[in-house]
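Here are my notes on the model you sent round. They are numbered so that you can check each point against the structure.

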There are 2 protein chains.
Amino acid sequence: MSLAISLFAKKGYNGVSIRELAIAANLSVAGIYHYFPDKQSLYQEAVKQCFSNKAFSFSSIWQSDAPPKDKLRLFVHSLLKVMLDDKDFHNLLQHELLLADEVRLKLLADNIFRDEFNELLKLSSQLFPQQPAYLMAISILSLVFSHLELQPLGRFLPDYQTKYETIDMLTEHIVSLLLEKSITID
Amino acid sequence: MSLAISLFAKKGYNGVSIRELAIAANLSVAGIYHYFPDKQSLYQEAVKQCFSNKAFSFSSIWQSDAPPKDKLRLFVHSLLKVMLDDKDFHNLLQHELLLADEVRLKLLADNIFRDEFNELLKLSSQLFPQQPAYLMAISILSLVFSHLELQPLGRFLPDYQTKYETIDMLTEHIVSLLLEKSITID
DNA sequence: GTCTATATGGCGATAGAC
DNA sequence: GTCTATCGCCATATAGAC
């Protein structure tokens, strides 16, 4: 199944055939249909397993009594690590966002993201009381998410350096961007 | 051709058949092959046209003598507007980032994004001298990009309000997040 | 449970008339 | 330039033996 997840993550639903999945599973095509009624079911099971495997266990962060700023740093670092360690998760999530199937996105929101997002909302309202908590939480997620998403393109943009892809540098940048006053010249 | 762009943006390369494209173009399948040697060429032409249509004409912003902070606000607002006005562009870009074809991403970087990104780098180093310009520029793009990308999911998350999707509210949030000191409680 | 064999249909692409 | 007709292939899915 983990091979199926990987294939769907890399090539998308329409990019993977039952034949490929059968080979990856060391099974004949008919063998696949013994376990799943059709391709859609297989795909949805793959997504479900990939996402719930995470279980997004950031609970130790939320439960610690570290100061909010440290919690933010830990969260950003952990999220970056989860995404970098499991590119399949990142890619599958992007595919699901693109498909934008309302039913499946609602399941995702309720089952996978809801609790973590609530904690992130709390943290946001503590650290950034002058901003709407919802927008602030999305912004934090955006910074992590999109930095990774843009990396394949960024490698060809001016001023790019490989060190900008390291997890520590990204964490430091994102956290200080969020927390430190910018010294601006008007 | 704009119908082809729309189809590819919504369903991805593998999700659209030549037959669909033929119907959309009011042509027979063979008719399509009079103009394009194969499906790949048609797709690449669609991408090219969709992206260069933008030409990303933010030049008036860069050339103005407005203070840097105002330029930032104008840029964020304009980029949000471009993305919201042309969802096909946004979706097609996401598909291209997911495919991560090195050759095509390099073309994209060189032909479409390079000049605008250079301007954004300049602005970033003016406004945020304490941050690496590259990371800062990517962060600005990330905030715009991912807020939109996460909208379909965000609608099912706690604390969501429809007003958070308005272009003015998003602009205000992103700009003030970047420019204003956060009043944090340790 | 897993296989071979096959049904049925859509796919990308082409031939050749007009 | 645009069409109808068709090719060969691969897709999803099923039937039925073992």
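1. A residue counts as near a strand if one of its heavy atoms lies within 4 Å of it. With that in mind, DNA strand C is surrounded by 14 residues, and the closest are A:Ser28, A:Tyr35, B:Ile18, B:Tyr33 and B:Lys39. Please keep in mind throughout that this is a predicted model.

2. Which parts of the chains supply the surface near DNA strand C? Helix H3 (29-35) of chain A, helix H2 (18-24) of chain B and helix H3 (29-35) of chain B each give at least two residues. By class, the residues of this surface are eight nonpolar, three polar and three charged. On the DNA side, 57% of the strand C atoms within 4 Å of the protein belong to sugar or phosphate, and the rest belong to bases.

3. Some individual distances to DNA strand C can be listed. A backbone N or O atom of B:Ile18 is 2.7 Å from a phosphate oxygen of the strand. B:Tyr33 also lies by a phosphate oxygen, with a polar side-chain atom 2.8 Å away. B:Arg19 has a base as its partner: a polar atom of its side chain is 3.2 Å from a base nitrogen of strand C.

4. Now take DNA strand D. Of the 14 residues around it, A:Ile18, A:Arg19, A:Tyr33, B:Ser28 and B:Tyr35 come nearest. For strand D, 57% of the atoms within 4 Å of the protein are sugar or phosphate atoms, with bases making up the rest. The surface near this strand has eight nonpolar, three polar and three charged residues.

5. Where do the polar atoms close to strand D sit? A polar side-chain atom of A:Ser17 is 3.5 Å from a phosphate oxygen, and a polar side-chain atom of A:Arg19 is 3.1 Å from a base nitrogen. From chain B, a polar backbone atom of B:Ser28 lies 2.6 Å from a phosphate oxygen of strand D. The elements giving two or more residues to this surface are helix H2 (18-24) and H3 of chain A, together with H3 of chain B.

6. How do the two protein chains relate to each other? A turn of 180 degrees with a shift of 0.0 Å along the axis lays chain A on chain B, with an RMSD of 0.1 Å. This is the relation of a two-fold axis. Both copies use the same surface, as 100% of the contact residues of chain A recur in chain B.

7. Aromatic rings deserve a look. Over all chains, the whole structure holds 18 aromatic pairs. In one of them, the ring centres of A:Trp62 and A:Phe75 are 5.3 Å apart and the planes are at 35 degrees, so the pair is tilted. The pair joins distant parts of the chain, since A:Trp62 is in helix H5 (residues 59-63) and A:Phe75 is in helix H6 (residues 68-85) of chain A, 13 residues apart. A:Trp62 and A:Phe75 are both buried.

8. Another pair is formed by A:Tyr134 and B:Tyr164. Why is this pair called stacked? The ring centres of A:Tyr134 and B:Tyr164 are 5.2 Å apart with planes at 5 degrees, and planes under 30 degrees apart count as stacked. This pair crosses between chains, running from helix H9 (residues 133-154) of chain A to the loop between helix H9 (133-154) and helix H10 (167-179) of chain B. Both residues are buried. Ring pairs also link A:Phe117, A:Tyr134, B:Tyr160 and B:Tyr164 into a cluster.

9. Two aspartates of chain B make a useful contrast. Is each one buried or exposed? B:Asp88, in helix H7 (residues 87-99), has a relative accessibility of 16% and therefore counts as buried. Leaving out residues up to four places away in sequence, B:Asp88 touches B:Ile5, B:Ser6, B:Ala9, B:Lys10 and B:Cys50. B:Asp85, in helix H6 (residues 68-85), is exposed, because its relative accessible area is 56%. The side chain of B:Asp85 makes a polar contact of 2.7 Å with that of B:Lys81.

10. Finally, consider A:Leu7 in helix H1 (residues 2-11) of chain A. A:Leu7 has a relative accessible area of 19%, so A:Leu7 is buried. Apart from neighbours within four places in sequence, A:Leu7 is in contact with A:Gly12, A:Val16, A:Glu20, A:Leu21 and A:Ala24. From A:Leu7 to A:Asp65 there are 58 residues in sequence and 41 Å in space, C-alpha to C-alpha.

Methods
Residues numbered from 1 in each chain as written. Chains lettered and ligands numbered in written order. Predicted model: local features only at pLDDT ≥ 70, side-chain atom pairs only at ≥ 80, totals over all residues. Heavy atoms only, no water. Polar contact = N/O pair within 3.5 Å; in protein donor to acceptor, adjacent residues only side chain to side chain. Helix = DSSP H or I, 4+ residues; strand = E, 2+ residues; numbered from the N terminus. Nonpolar A, V, L, I, M, F, W, Y, C, P; charged D, E, K, R; others polar. Buried < 20%, exposed > 50% of the residue type's maximum accessible area, 1.4 Å probe, protein only. Contact = heavy atoms within 4.5 Å. Least-squares fit on C-alpha atoms with pLDDT ≥ 70 in both. Phe/Tyr/Trp six-rings, centres within 6.5 Å; stacked < 30°, edge-to-face > 60°.
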